[in-house]
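Got your viewer open? Let's take a short walk through the model, one selection at a time.

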Amino acid sequence: MTEFKVPLIIRGEVIEDYAVEFRNRGNGGHTFVTPSVEKYLHKLIAKSPLILEDLYTIDFNEICDYLDELRRRLDLDTNSYWREAFEISCHFSNLSRSVLEAIYRNSPNAMARDNVRQLAEGRIGVRFLEGWVRTELRDGRAIEVRAVGSRSVHVIAGNVPVVPISTLLRGAITRSDVIVKVPSNDPITMGAIARTMIDMAPNHPITRHLSVAYWKGGDESVEERIYQPQHIERLVAWGGFASIRHITKYLQPGIDLIPLEPKSSTTLIGKEALADDKTMREVARRVAADVGGYDQEACTNARVMFLESGTDAAGIALANQFGQYVFQAVQDLPQTTSGGPVNFDPVLRVELESIMQQRDFYRIFTEKGRTEKTGAIIVSQVSEQVDFPSLLYGRVGNIVPVDRIDDALDSFSAATKAAGIYPDSLRSRLRDRGALMGGQSFIPIGYAISSSAGGPSDGIEPERRMCRWVVDVRADPAVVAGPWMHEEEIAALKNTAVA
Amino acid sequence: MSVPVHGSEDAADVETIGRDDLSNMVDRSWDELFGMDRIEREEFQLRSLRCRFDELLPKLSSLSLQVEDTGISRIGKLEDVVPLLFHDSVYKSYPVSLIEKNQFGRMTKWLGGYTTVDLSNVDVGKCDGVDRWIDTLDAQSPLRVIHTSGTSGKLSFFPRSTVEIGSFFKSYLKVHEGFGAEPGVRLGDGQTRIIVVNPVPRYGRQIRHRCFPLMQKFVAPAPDQLYALDYEVSADLVSLSGRIRIAQAKGELSRITLSDSQRAAMVKYLADLERRPADAAGFYQRIATELRGKRVMAGGFSNLLQDAARTGLERGMRNIFAPGSVGMTGGGNKDGALLPNWLELVREFTGIRKWAMNYGMSEMISMIPMGDEGWYHVPPYVIPFLLDPVSGTLLPRKGVVTGRLAFYDLLAQTNWGGIISGDKVTIDWDGPSPSGRKAPRIQADITRYSAEITGEDKVTCAATPDQTDAALQALLAR
């Protein structure tokens, strides 16, 4: 049982008035104390949208400077907050220590100056963030458009601690006021970033627009008061069906939900992967990274994998061979990519043990007695997925042999986050139909956990949606006809225009 | 020695299976069963377990695979059986696509690995659904499959045979028998006849439906003196929403199609479900009038009985059944539906003082009766174990211990009786029982492990199953 403190941070102020204890019985159990959010709600709620004004006293370069300096300070060897977050995460995250260490060392790099500029430019356009962008219209009018920030609440996910950095980035580049509701499976990382910011630049507008709070998801005494259109304009919600559905009850005109919904990913492997033994082994190594990376805790991981091996006896034999290679390659992954999960879902273990005997239907590659550490590759012996695809965690993948890889597109849906496809030619061929079927990103096999930055996410552009897109219309009555004008006046205008 | 089980059969052309000595243990008195001290009990259990193991091993391919996997081929002491216990989910280890594609031949082959009943000559070629499949097995073999409610996903199928249904029936009624000087009545052997009242659906393929014909034959004074709700529980319908959830998780929702008749049946079933609490409440009001002053065996979920009692008492109905009536109840406290004084209300309304309670599950043939208040006593024909809920290691069999319940059920004669359940229970292994029963006893506050292990209030970006039935509703609206 680990015990620790989760301070409430409100716009540069660290509140350590610990009053509430939370116990989590899962994952070995941990307990933390945190101040009562309800008590400080009057401070947490930004009553006026003008609160954002100070963010407009700085320009984009200063935002980049700030984030770049913050990146430097999030150093595992010198920053005690960051180190503490890492050590505590090691106790209750389901990621292995080696993977966590790699994440805490590398994830701040997303805030490097050039990365920030690329993100802002690619997703929004820096000029829209910095000022009013003018477009001349054909009728003589002009519009000037600006992307301004919003007051936002972010209900973030805690399975992989890269979400806090991307949340901070989104808030900073859009000049938003950000309240982060941290989850019980990572209540500590976001706060460590906020405290580093306070030490670095206590009065900087970006520091003064980040709040970090934990309350139990669903606590109406808190949520009903925050989730009001006079207090927030954007609600960015990560999470499963239950949490998203629960949040939708607070929606009303004036609050825009940006859902980063529950997703799963799928993998399509064309027959080219089975061309010869050498290719099989190479592709298996890359597939293994998609299965095992981040210890399979992320939504981008491979879980169900369709393999164009054919479904006759020879095809199944080939699929089994490939499954064995993938299993072996998972064991050989670098520790910083995959160290094996801390806890293996006992429900999944029971499912695995229960189908172990069903050799007509499934062949399971694992190390007997050590499945919890090694994971497993289940090769279906008929062309059907296992009946528990949503339980596939802990480096457990299911290879499903198919006769035609195109048929696997049928399993795409609005919940298909990423599709890892091999070879590239197959991706080019399938991506149009795959996109229509619900696929949201197509990635080369092997890059599942390192493919997300820079592009749209979950089929939407959260950064653009966090902005409010304001238009200023310009029209000169000497040029543009107005509804108060009579026909002769308009005709005269037209003559002017022609002359 | 074998004694035929009477009357658990309707299909005349199917040979029933005889109950063996071990299964006949259920007929012994509680004094005898709860009179054994621990050494005597465990000697009996070890001897019986070896006997079951030796008989079943050559006939059950699932067991021989388990022996092969674990390397355990001999039972030296009771604990040796633990690695050979089956997780309850092995009884749903078939691919659900077999049902979707009507491949009931393969389903039968799968099931055949778990029973000694020979299914090789059963013809299931014409089956187009689970109900038809089970009915066909009924007609062509002594197998009497029971299924679970399957609301969470797949249906589990337990391959009982006529003999286990008979043993369950006996074990279920045995709770009414007294221990020592306690009053009680022996039911189920046709000697004492009593009207049976139980507001649950009358027809179906779950264990309670399997028992109703036996109740009619051996308990009710006449076959029409079994009062139940006139519904049928269809396995195909109860499993539909679960099957849809699985299809959704697999991205295969488009593969599920419903014929007009299936859709109509499902709509009717859902309407029945909605109406059922009201029907059950109305049922008791009707019964109260019709059977006033009669001796009955009354049953039902605790919340239903509570609601019936409150309505009845409001209308001035009190002590409606004759002295000598018995009651059996359980469950029903979901969402805290039960009032603190619910049992008092039920007693006052019905006039039945003693409400017996059994602890059991579809996975188990034996029922575990409540003796001391708040405690279920494990009869010698069940060998209980407690396992660590996560690692699965065996916990000590002494003192007061909480863990995942596993057991070997010696009343299983044609299938392997070893099961690891999902229940969290506390067992007092050897503490003295106020009533004098000698047995390990299980505390009544039994819960499921699922939520506790996975943790709460976690947010992840990865997919979690949709527990609403939006997809089902969409299919029905088509």
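Start with chain A and its open sheet of seven strands, ordered β3-β2-β10-β9-β8-β11-β12, where the pairing is mixed. Strands here are DSSP runs of E, at least two residues, and helices are runs of H or I, at least four residues, numbered from the N terminus; two strands pair if DSSP finds at least two bridges between them. Select β3 (13-15) and β12 (256-260) of chain A to see the edges, each pairing on one side only. From one strand to the next, the twist averages 20°.

This is a predicted model: local features need pLDDT of at least 70, side-chain atom pairs count only at pLDDT 80 or more, and totals for chains, interfaces and linings use all residues. Residues are numbered from 1 along each chain as its sequence is written, while chains are lettered from A and ligands numbered from 1 in the order in which they are written.

Next, pick β9 (residues 177-181) and β10 (residues 210-213) of chain A, which run parallel and share four bridges. Zoom in on Ile179(A): opposite stands Ser211(A) in β10(A).

Now add helix α8 (residues 189-200) of chain A, which packs on the sheet and touches β2 (8-10), β3, β9 and β10 of chain A. Contact means C-beta atoms, placed from the backbone, within 7 Å. The direction of α8 makes about 145° with that of β10(A); axes are lines fitted to C-alpha atoms, for helices over the stretch in contact, and angles run from 0 to 180 degrees between N-to-C directions.

Last stop: the open three-stranded sheet β6-β7-β20 of chain A, with antiparallel pairing. Its edge strands are β6 (133-136) and β20 (468-474) of chain A.

Conventions: Contact = placed C-beta atoms within 7 Å.
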